[in-house]
Amino acid sequence: MYRLATQTSLRQVPRSIANSISRPALATPRFIQPVAIRTMMDSPYSAVKVSDRVKHDHAELEKQYRNILAAEDEDTKVRWQNQFIWELARHSIAEEIIVYPAFEKFVPNGLVMAEKDRAEHQRVKNLLYEFEKMTPSSSDFLPTLDKLWDALSDHITEEERDDLPALEENIDVEYSSKLASSFNTTKHFVPTHSHPSAPDKPPYETAIGLLTTPMDKLIDMFRKFPKEDKKA
């Protein structure tokens, strides 16, 4: 009866008027409301390759090393020392978790390349561990820093000249951008101090890092850094 009455009443309405009648919109449940989905093009790292992110860190580390050397008082040296330690520890572990496995997976002879880089990292970690225990007034402070930078600088040169270009040649731009984003994110969840005896490969490095990071961040709360350069 209701259907018949509806159809009859519609036939009695002129077509121009019937077409102008707006139908009520169906409500969409809150849990399936449309959401703005961020794509790689929306990401601040969308145009950045993983090699760009790694090279950016390298440049920051060199700047911090030179700031330690240029500091005119002990307080400033300590602040830049802490910043350098914080940045280098995070960078090294993020490479071992994100970048070196990509070497192994995509680059011909990538396993040898990754093992070489891990061995170089181990030397840097050992020196960083010693450097962290020193104060600027120590006679070994600058010699140890120079030895650390020499080892790190040689590693950086080889990585930027050989390893990173080889990786970029064997992955596409989109995947490189994803690695760059993962690399940047990983740095927020890894230890901020040198732990030379810790594993240097995932998944063990990842697991140990999750246990170690909270203590490292607690230590950082009581250390001095240059202005607002240290980030969470």
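**An all-helix fold, from surface to core**

F222 is exposed, at a relative accessible area of 69%. This residue sits in the segment after α8 (204-221), and in this predicted model it belongs to a nonpolar patch on the surface, together with M215, L218, I219 and M221. The patch has about 570 Å² of accessible area in total. Nonpolar side chains in soluble globular proteins tend to be buried together.

As for the overall picture, the protein has eight helices and zero strands, so its pattern along the sequence reads α-α-α-α-α-α-α-α. The chain counts 232 residues, and 39% of them are buried. The accessible surface of the protein adds up to about 14100 Å², with carbon and sulfur atoms accounting for 58% of it. Contacts often reach far along the chain: taking those between residues at least 6 apart in sequence, 75% join residues at least 24 apart.

Inside, the largest nonpolar core holds 21 residues, and the members touching the most other members are V50, V99, F103, V107, L167, L179 and F183. Two or more residues of this core come from each of α3 (50-70), α4, α5, α6 (141-169) and α7 (173-186). Helix α4 is the biggest contributor, giving eight residues. Another core, of 19 residues, lies apart from this one, and F141, L148, A151 and L152 are among its members.

Two residues of the largest core give a feel for how its parts meet. V50, found in helix α3, has a relative accessible area of 0% and is therefore buried, the cut-off being under 20%. Leaving out residues up to four places away in sequence, V50 touches V99, L167, E168, S176, L179 and A180. The C-alpha atom of V50 is also separated by 8.4 Å from that of L164, although the two positions lie 114 residues apart in chain numbering terms. F183, for its part, is in contact with R53, V54, D57, H91, A94, E95, I98 and V99, again with neighbours within four places in sequence set aside.

Not every buried side chain is nonpolar. Q81 is part of helix α4 and, at 3% relative accessibility, counts as buried. What does a polar atom of the Q81 side chain lie 3.1 Å from? Its partner is the backbone oxygen of M134. M134 also appears among the residues that Q81 touches, along with I68, F131, E132, P136 and F141, once residues up to four places away in sequence are not counted.

Charged pairs come next. A search of the whole structure turns up 18 salt bridges. One of them pairs the side chains of R79 and D75, at 2.9 Å from N to O. These two residues are about one helical turn from each other because they stand four residues apart in helix α4. R79 is partly exposed, with a relative accessible area of 26%, and D75 is likewise partly exposed, at 30%.

A second pair, E87 and K187, meets in a salt bridge with an N to O distance of 3.2 Å. Here the bridge links distant parts of the chain, since E87 lies in helix α4 and K187 in the loop between α7 and α8, 100 residues apart. Are these two charged residues buried or exposed? E87 counts as buried at 8% relative accessibility, and K187 is buried as well, at 5%.

D117 and K116 make a further salt bridge, in which the closest N and O atoms are 2.9 Å apart. D117 is buried, with 0% relative accessibility, whereas K116 is partly exposed at 30%. Both residues belong to a network of salt bridges that also takes in E120, E158 and D163.

One last detail concerns the backbone. Most residues other than glycine have a negative phi. N109 is not a glycine, yet it has a positive phi of about 65 degrees. N109 is placed in the loop between α4 (74-106) and α5 (110-132), and with a relative accessible area of 59% it is exposed.

Methods. Residues are numbered from 1 along each chain as its sequence is written. This is a predicted model: local features need pLDDT of at least 70, side-chain atom pairs count only at pLDDT 80 or more; totals for chains, interfaces and linings use all residues. Side-chain values use heavy atoms; hydrogens and water are left out. Buried means under 20% relative accessible area, exposed over 50%, partly exposed in between (1.4 Å probe, protein chains only). Contact means heavy atoms within 4.5 Å. Accessible areas come from the Shrake-Rupley method with a 1.4 Å probe; for residues, only the protein chains shown count as cover. Patches are made of residues with over 30% relative accessible area and no salt bridge: like charges are joined within 9 Å, nonpolar side chains (Val, Leu, Ile, Met, Phe, Trp, Tyr) within 5 Å. A salt bridge is a side-chain nitrogen of Lys or Arg within 4 Å of a carboxyl oxygen of Asp or Glu. A nonpolar core is a set of buried Ala, Val, Leu, Ile, Met, Phe, Trp, Tyr and Cys residues joined through side-chain atoms within 4.5 Å. A polar contact is a pair of N or O atoms within 3.5 Å; within protein, one must be able to donate a hydrogen and the other to accept it, and residues adjacent in sequence count only if both atoms are side-chain atoms.
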